[in-house]
Amino acid sequence: MTNATKMSASGEPASPQEPATAAPGRLRRLFHLTLPGCWGALVLACLSFTPSLLPRGGVLQGLICGISAAIGYGLGVVGAYVWRAFADRPARTPARRSWLVLLVAAVVLFGVSFGLGQYWQYEIRRLMGVTDHNVATAVACPFVAAAVFFLLLWTGRGLRAVYRRCARLLDRWFGERAARVTGWLLVAVLAWLAFSGLLLQGFVNAANEAFSLRDTQTPEGVHQPTTGLRSGGPGSVVPWDTLGREGRAFAGGGPSAQEIGAFTHRPAQEPVRAYAGLESADDAEGRAAKAVADLQRAGGFQRENLLVMTTTGSGWVDPAAVDTFEYLGNGDSATVAMQYSYLPSWMSYLVDQSKAREAGRELFDAVYDTWSKLPQDQRPRLFVAGESLGSFGGETAFSGEYDLRNRTAGTLFAGPPNFNTLFREFSDGRDPGSPEREPVYREGRTVRFTHDPAAGIPPAGKPWDGTRVLYLMNPSDPIVWWSPNLVLSEPDWIGEAPGDDVLESMVWIPFVTFWQITADLPFSTGVPDGHGHTYKVAYVDGWNAVMRPTGFTAGDLDRLKEIVGPQQ
């Protein structure tokens, strides 16, 4: 026995059994749930199994289910609180029978929803030709959901405990109501600062550090060019080791003059490719100047077709986009691009928008400045292209439809993010009666949209003279459709007839749909070509429509699709 006798909370000596009973009590408090909150959690958890745009594995479904359940629990608790306030009565302890009804309903509803969810996922995989399915992760789904739910629940209760502590301290100087309001505001601000300043920024910094190391590598099979027509080659003003991983893949890849000639059956030229990486200069303006200087050195402004390509976050350029441009131009082409981030596309999409905007504007302005000073009859046809965040950056150099028409010979954007300024302007201002998933803007006189250019680019029968601007957008591409407005607002595209690879059973549900499509974003390129955020063979018919080259038959375009398409 120790010198100081242990005392209970009442001041009496503690019994030997008290430590044993305290632990179960703390455990019960840790897992304590309210009946209204559980009903809300059950409803949103079941609804989370409804289909979205892409196939979901069991772990991802569990994550969405857990988040939805936590939101539903909070809504249930708040709803019950508001109802009691209007009814002017305190909270009551639910009867045992009420919990039994909830338990039976949970088993039945969750089981049915889980089964329907598996069926819907099978249907989505069938539409997209996806064969991979892991049964083990599907079984793990409920357990992942429970873990995520309780983690978020405990986080919320921790914030509530901090709020109560703050309110008690503030109550010494303010009135009770003022202390509560100030306490909530203080906790909300601190939580946001902790998330954005510590967690989010820490994650971004760690990712940036990791991908910057990857940027020093060279992809397998890529070698430094031996021609002066490529950045990093002999005579280039941009050193090979400053191009970055994706820049080296761009400069060291692409079809040769012999390969292009074998396709066109005509003598072909070796295409020009100019690029500047993050290490090539200190800022976006300097990188743009370096890229354009190398383009000019290599004779890019003497080619028939000149393409300004805005990259995705990591500096990646879709080979299908540029290779197709070069094949259809018979090699008499030049392409210029530059890197603005180390992060992959889906992360840059969330945190590097300002860098994409700056890079797109600086590069096009630098090219246009040199191009516009050439004699008019010696200027190449000037094209613009970009995929994903690259389309966002590419748009920023232009003020609208007339600017695109007056300063370019053609534009091809693929998978535009929903927040693209011009994309939103064209889509929101679409002609009455045209769907959001394939809008018609001013009868398609300059700007048009399609997910399958081979099947036709609406509106059929309307003139499309002069400069052509074309957006490629798959119906199942979450990059195109994701928006914060999904939380509380139903978009037009969900209420419209679905695209070829989207289930008719997809519906908009407040909160749930937002998290479903958010979870689709990192996996948007993990589906076959023509679905999600994967654009390959569509570039063939897309560039054919924008460039309008001569001498190619439908059979030639099919052969080109086999060349630039995904290799089986």
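Helix axes are lines fitted to C-alpha atoms over the stretch in contact, and angles run from 0 to 180 degrees between N-to-C directions. This is a predicted model, in which local features need pLDDT of at least 70 and side-chain atom pairs count only at pLDDT 80 or more, while totals for chains, interfaces and linings use all residues. Residues are numbered from 1 along each chain as its sequence is written, and side-chain values use heavy atoms, with hydrogens and water left out.

Helix α2 (residues 35-47) packs against helix α4 (residues 96-128) at an angle of about 10 degrees, and their axes lie 10 Å apart. That makes α2 roughly parallel to α4, a term for angles under 35 degrees. Among the residues in contact (heavy atoms within 4.5 Å) are Trp 39 and Leu 42 of α2, together with Leu 102 and Phe 110 of α4.

Turn now to strand β3 (residues 333-338), where helices (H or I, at least four residues) and strands (E, at least two) are DSSP runs, numbered from the N terminus. Because 6 of the 6 residues of β3 are buried, this strand is largely enclosed by the rest of the structure; buried means under 20% relative accessible area, with a 1.4 Å probe and protein chains only. Ser 333, Thr 335 and Ala 337 point one way from β3, whereas Ala 334, Val 336 and Met 338 point the other way.

Two strands pair if DSSP finds at least two bridges between them. Strand β1 (residues 272-276) pairs with β3 in the parallel sense over 5 bridges, and Ala 276 stands opposite Met 338. Strand β2 (residues 305-310) also pairs with β3 in the parallel sense, over 4 bridges, with Leu 307 having Thr 335 as its bridge partner.

Note on methods. Buried < 20%, exposed > 50% of the residue type's maximum accessible area, 1.4 Å probe, protein only. Parallel < 35°, antiparallel > 145°, perpendicular 65-115°, else oblique.
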